[in-house]
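Subject: Over to you: the protein and DNA model

Hi! Here is the structure I promised to pass on. Have a look around first, then read what I found in it.

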Number of protein chains: 4
Amino acid sequence: MTDRDNGRTGDGDRYTDDRYTEGREPARESGRAAAARGEVPRRLLATATRLFAERGYEGTSVQEIVDAAGVTKGALYHYFGSKDDLLHEVYARVLRLQQQRLDAFADADAPVERRLRDAAADVVVTSIENLDDTVIFFRSMHQLSPEKQKQVRAERRRYHERFRALVEEGQRAGVFTDETPAELVVDYHFGSVHHLSTWYRRDGRLSPQEVADHLAAMLLRSLRP
Amino acid sequence: MTDRDNGRTGDGDRYTDDRYTEGREPARESGRAAAARGEVPRRLLATATRLFAERGYEGTSVQEIVDAAGVTKGALYHYFGSKDDLLHEVYARVLRLQQQRLDAFADADAPVERRLRDAAADVVVTSIENLDDTVIFFRSMHQLSPEKQKQVRAERRRYHERFRALVEEGQRAGVFTDETPAELVVDYHFGSVHHLSTWYRRDGRLSPQEVADHLAAMLLRSLRP
Amino acid sequence: MTDRDNGRTGDGDRYTDDRYTEGREPARESGRAAAARGEVPRRLLATATRLFAERGYEGTSVQEIVDAAGVTKGALYHYFGSKDDLLHEVYARVLRLQQQRLDAFADADAPVERRLRDAAADVVVTSIENLDDTVIFFRSMHQLSPEKQKQVRAERRRYHERFRALVEEGQRAGVFTDETPAELVVDYHFGSVHHLSTWYRRDGRLSPQEVADHLAAMLLRSLRP
Amino acid sequence: MTDRDNGRTGDGDRYTDDRYTEGREPARESGRAAAARGEVPRRLLATATRLFAERGYEGTSVQEIVDAAGVTKGALYHYFGSKDDLLHEVYARVLRLQQQRLDAFADADAPVERRLRDAAADVVVTSIENLDDTVIFFRSMHQLSPEKQKQVRAERRRYHERFRALVEEGQRAGVFTDETPAELVVDYHFGSVHHLSTWYRRDGRLSPQEVADHLAAMLLRSLRP
DNA sequence: TATGAATGAGTGTTCATTCAT
DNA sequence: GATGAATGAACACTCATTCAT
């Protein structure tokens with residue numbers, strides 16, 4: 001509406017990239033500079049992630065976020081264009097992370113069964129380790145603005161397609177059955193991944209890795225010719 | 001009011017079977033009242049289901065529901081104690097329906113593989129035919145009041161347990177592998193069911209029944225010893 | 001954005017017509033009905049008019065309006081779609097009133113000089129008697145939404161054109177000079193009318209009628225051939 | 001940034017004459033500072049004038065001003081004590097300019113009719129050439145702090161009085177009618193001047209000078225004995 | 001049964017201003 | 001001189017719910 005937005009929005013990776021999430025050496029900087037260099041937006045994003053997962057996006061007020069993060073609303077809106085932007089950053093972070101990991105596993109030098117199994121198990125482990133992101137992901141997508149939804153969906157599609165390519169590779173090679181379209185296989189698996197937050201109990205009998213191994217094993221068995 | 005009704009398979013009449021029309025004594029009602037019996041709450045519930053699925057629970061105002069249903073707020077609050085109540089009714093209806101269908105399949109006189117396959121496929125077909133309910137189910141549970149959530153979860157657990165019992169029966173009988181705990185198997189399958197709304201396209205290549213057959217087949221294959 | 005607006009906006013005359021501004025006999029109605037029949041919106045409109053004139057549109061908060069009117073925000077938004085709507089109602093009321101009066105004078109059975117003089121004086125008197133409306137009119141037009149501005153401008157143009165027609169009639173008849181385009185003459189006069197609020201002092205030496213007579217006389221003199 | 005600058009006659013240089021460039025000792029400044037001397041405040045004032053006219057005072061944020069002027073907030077607050085101050089400077093500039101011009105015309109060596117006519121026409125021409133100033137002047141006075149309003153009004157009064165003195169001089173000399181108090185005559189004329197922005201169209205049939213001549217002629221005719 | 005006016009606490013967002021650097 | 005992160009109070013507006021009728 002106005003042109004005053006000095007580059008604040010529409011740049012999904014800004015507060016989720018290395019600058020903000022990894023330990024750069026703060027030695028050369030004063031306290032204030034260090035604080036200014038991302039501490040506040042990072043804290044806001046972490047707090048928002050937690051609260052969105054706990055109470056839902058609509059159930060979390062901006063006031064609650066800033067109170068929990070120990071800053072004021074003005075600070076939040078200094079870094080994020082809107083509450084919706086904050087949510088978008090959560091998605092951006094997750095998407096980037098998962099894509100990186102999938103690419104690594106898919107490009108590995110190993111038989112396709114092994115690569116698919118590893119990738120399938122890895123996404124389970126990381127999803128369990130970031131259950132907050134997971135619960136937000138599948139529950140709050142519709143709260144994003146239409147264009148941001150579109151963007152997220154596009155990135156998600158890329159991810160799915162990489163995964164599907166693995167399945168198809170195995171099918172072509174004859175190590176996987178092609179009775180079921182690869183796309184359905186992928187959706188089947190990711191349905192269970194997205195719903196981990198519904199049923200996975202950290203205090204349950206199974207560790208994240210055990211759950212991951214079981215789910216990956218099921219996937220592989222369901223692909224046996 | 002919206003153009004979203006085109007091509008919907010689940011229609012308004014599926015609300016005919018609920019408690020608003022059951023067990024009333026029609027003798028005491030006037031002709032007009034009889035004609036209208038249950039009409040208003042049924043329409044409200046159908047409208048709310050549609051809107052909750054379209055815009056989310058928090059994104060739908062009570063005013064929008066009553067406007068779309070062609071009644072007034074007073075009428076809504078006459079039949080439902082709160083907006084939350086309305087959501088709860090959606091869950092109650094879905095749960096009752098699915099439990100009934102599962103029980104029928106599970107109690108059938110057939111080999112366990114057949115019973116599990118049929119039940120697994122059926123829940124897919126009915127979920128696709130009632131995608132609105134499905135999308136609400138997995139997305140809006142956290143909006144229910146804690147006690148209603150507890151209640152829904154309890155009913156859901158009963159449902160899952162009946163399904164799991166089928167799996168365990170097959171495992172004991174040796175027709176299913178017991179490599180994976182039955183509970184995980186159930187969660188794996190229902191993850192994909194809950195996420196149908198994310199990826200199932202009515203205009204896609206596969207009919208609901210075909211999708212259901214594929215998913216059931218995958219489930220069965222993943223259980224092969 | 002939503003279709004829930006049950007006919008609340010876009011109907012400029014609703015709270016400014018007889019129902020709300022004239023004394024209907026409340027005898028047949030209960031207190032509540034009488035109160036409901038326009039008391040609240042009328043009071044809101046009157047209060048808003050006063051405050052907008054005193055402090056400007058942007059300088060008046062919705063909270064101040066409702067506090068001064070003795071109601072709550074909810075009540076205001078029950079009757080008016082927005083703060084902007086409230087402003088629009090002020091314009092609608094003024095425009096309707098002035099057009100009616102001008103039409104009466106212009107259609108009278110009298111020589112054109114007389115009709116123009118009477119109309120010119122009358123608008124001065126009524127503008128002074130409703131200085132709040134006048135000050136709002138010329139100062140806050142740009143705060144209206146673009147479409148409402150357009151609407152107001154269109155009605156204002158109609159008014160000006162009727163006035164201009166009087167001038168042109170006299171010019172054709174030769175009783176007024178046509179040295180100056182009629183349009184300029186009209187703008188000249190209404191500039192002074194709109195600015196009455198800037199300089200007219202109720203406690204000054206001149207009564208509204210005297211001021212009106214002077215300004216009308218100046219107009220007529222400036223039109224002498 | 002906007003396309004509104006097309007065909008503007010008043011340019012940025014009219015801010016060259018104000019207190020930011022007068023009376024500084026250039027000796028103490030570096031070449032760079034000298035080059036920049038007064039540049040920033042002048043640009044800020046020009047930008048603010050344009051934006052205030054376009055969007056209103058309240059409708060223009062400080063951020064928008066500094067963005068459009070290509071500086072930062074800190075710079076603005078370095079030169080101007082507040083947003084209100086910026087507005088005040090607009091008034092000060094206009095008032096100083098108009099007073100200078102009026103004085104020149106009023107003190108000229110010519111018959112009073114001629115001097116009044118010239119002054120009356122000149123204020124029209126300069127108002128049209130600086131429509132931004134004009135629209136701000138009559139629309140935003142109430143946004144000034146009370147004391148600044150008082151100050152502006154006092155200067156405005158001086159201006160009006162000088163103009164009125166011309167009218168009275170003619171009335172005493174018998175060349176103008178004294179039917180109408182001189183004060184009313186002045187207000188009549190300046191009403192039309194202040195409202196030029198409402199109706200004057202740069203793309204209309206009449207040039208600024210033609211409009212000015214017409215309005216001055218009307219004034220003179222209305223003063224004929 | 002059903003109405004709809006009214007409530008009041010809450011929402012996300014804006015913005016002039018300050019100040020350590 | 002100039003920066004821009006941060007403030008905090010204010011803003012317009014929403015909405016589930018109540019209740020006299």
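Let's start with the DNA. By class, the surface near DNA strand E is made of nine nonpolar, 13 polar and seven charged residues (nonpolar is Ala, Val, Leu, Ile, Met, Phe, Trp, Tyr, Cys and Pro; charged is Asp, Glu, Lys and Arg; polar is the others, Gly among them).

Some ground rules: this is a predicted model, where local features need pLDDT of at least 70 and side-chain atom pairs pLDDT 80 or more, while totals for chains, interfaces and linings use all residues. Residues count from 1 along each chain as written, chains run from A and ligands from 1 in written order, and side-chain values use heavy atoms, without hydrogens or water.

**DNA strand E**

Which residues come closest to this strand? Of the 29 residues that surround DNA strand E, the closest are A:Tyr77, B:Thr72, C:His78, C:Tyr79 and D:Val62 (near means a heavy atom within 4 Å). If you look at the atoms of DNA strand E within 4 Å of the protein, 68% are from sugar or phosphate, and bases make up the rest.

Several polar contacts go to the phosphates (a polar contact here is a pair of N or O atoms within 3.5 Å). The backbone does the work in these three:
- D:Val62 has a polar backbone atom 2.6 Å from a phosphate oxygen of DNA strand E.
- A:Val62 places a backbone N or O atom 2.8 Å from a phosphate oxygen of DNA strand E.
- A:Thr60 has a polar backbone atom 3.4 Å from a phosphate oxygen of DNA strand E.

Helix 4 of chain A, helix 4 of chain B, helix 4 of chain C and helix 4 of chain D are the elements that give two or more residues to the surface near DNA strand E (helices are DSSP runs of H or I with at least four residues, numbered from the N terminus).

**DNA strand F**

Now the other strand. There are 28 residues around DNA strand F, and A:His78, A:Tyr79, C:Lys73, D:Thr72 and D:Gly74 come nearest. Sugar and phosphate make up 69% of the DNA strand F atoms that come within 4 Å of the protein. By class, the surface near DNA strand F holds nine nonpolar, 13 polar and six charged residues.

What does B:Tyr77 reach? An N or O atom in the side chain of B:Tyr77 is 2.9 Å from a phosphate oxygen of DNA strand F. B:Thr60 uses its backbone instead, with an N or O atom 3.5 Å from a phosphate oxygen of DNA strand F. D:His78 brings a polar side-chain atom to 3.2 Å from a sugar or linking oxygen of DNA strand F.

Helix 4 (73–79) of chains A, B, C and D supplies at least two residues from each chain to the surface near DNA strand F. Helix 4 of chain D gives the most, with five residues.

**Helix against helix**

Two packed helices are described by the angle and the distance between their axes. Three pairs are worth finding on screen.

Take helix 9 of chain A and helix 9 (residues 182–194) of chain B: their axes come within 7 Å and cross at roughly 105° (axes are lines fitted to C-alpha atoms over the stretch in contact, with angles from 0 to 180 degrees between N-to-C directions). These two helices are therefore roughly perpendicular to each other (65 to 115 degrees; under 35 is roughly parallel, over 145 roughly antiparallel, the rest oblique). A:Tyr188, A:His189, A:Gly191 and A:Ser192 meet B:Tyr188, B:His189, B:Gly191 and B:Ser192 there (contact means heavy atoms within 4.5 Å). By class, that contact has two nonpolar, six polar and no charged residues.

Within chain A, the axes of helix 6 (residues 112–129) and helix 9 (residues 182–194) come within 10 Å and cross at roughly 20°. Helix 6 of chain A and helix 9 of chain A are therefore roughly parallel. Helix 6 contributes A:Ala120, A:Val123, A:Val124 and A:Ser127, and helix 9 contributes A:His189, A:Phe190 and A:Val193. That makes five nonpolar, two polar and no charged residues in the contact.

Finally, helix 11 (residues 208–223) of chain C packs with helix 9 (residues 182–194) of chain D at about 65°, with the axes 11 Å apart. Helix 11 of chain C is therefore roughly perpendicular to helix 9 of chain D. The contact joins C:Val211, C:His214, C:Leu215, C:Met218 and C:Leu219 to D:Leu184, D:Val185 and D:Tyr188. By class, there are seven nonpolar, one polar and no charged residues.

Have fun with it!

Terms used. Polar contact = N/O pair within 3.5 Å; in protein donor to acceptor, adjacent residues only side chain to side chain.
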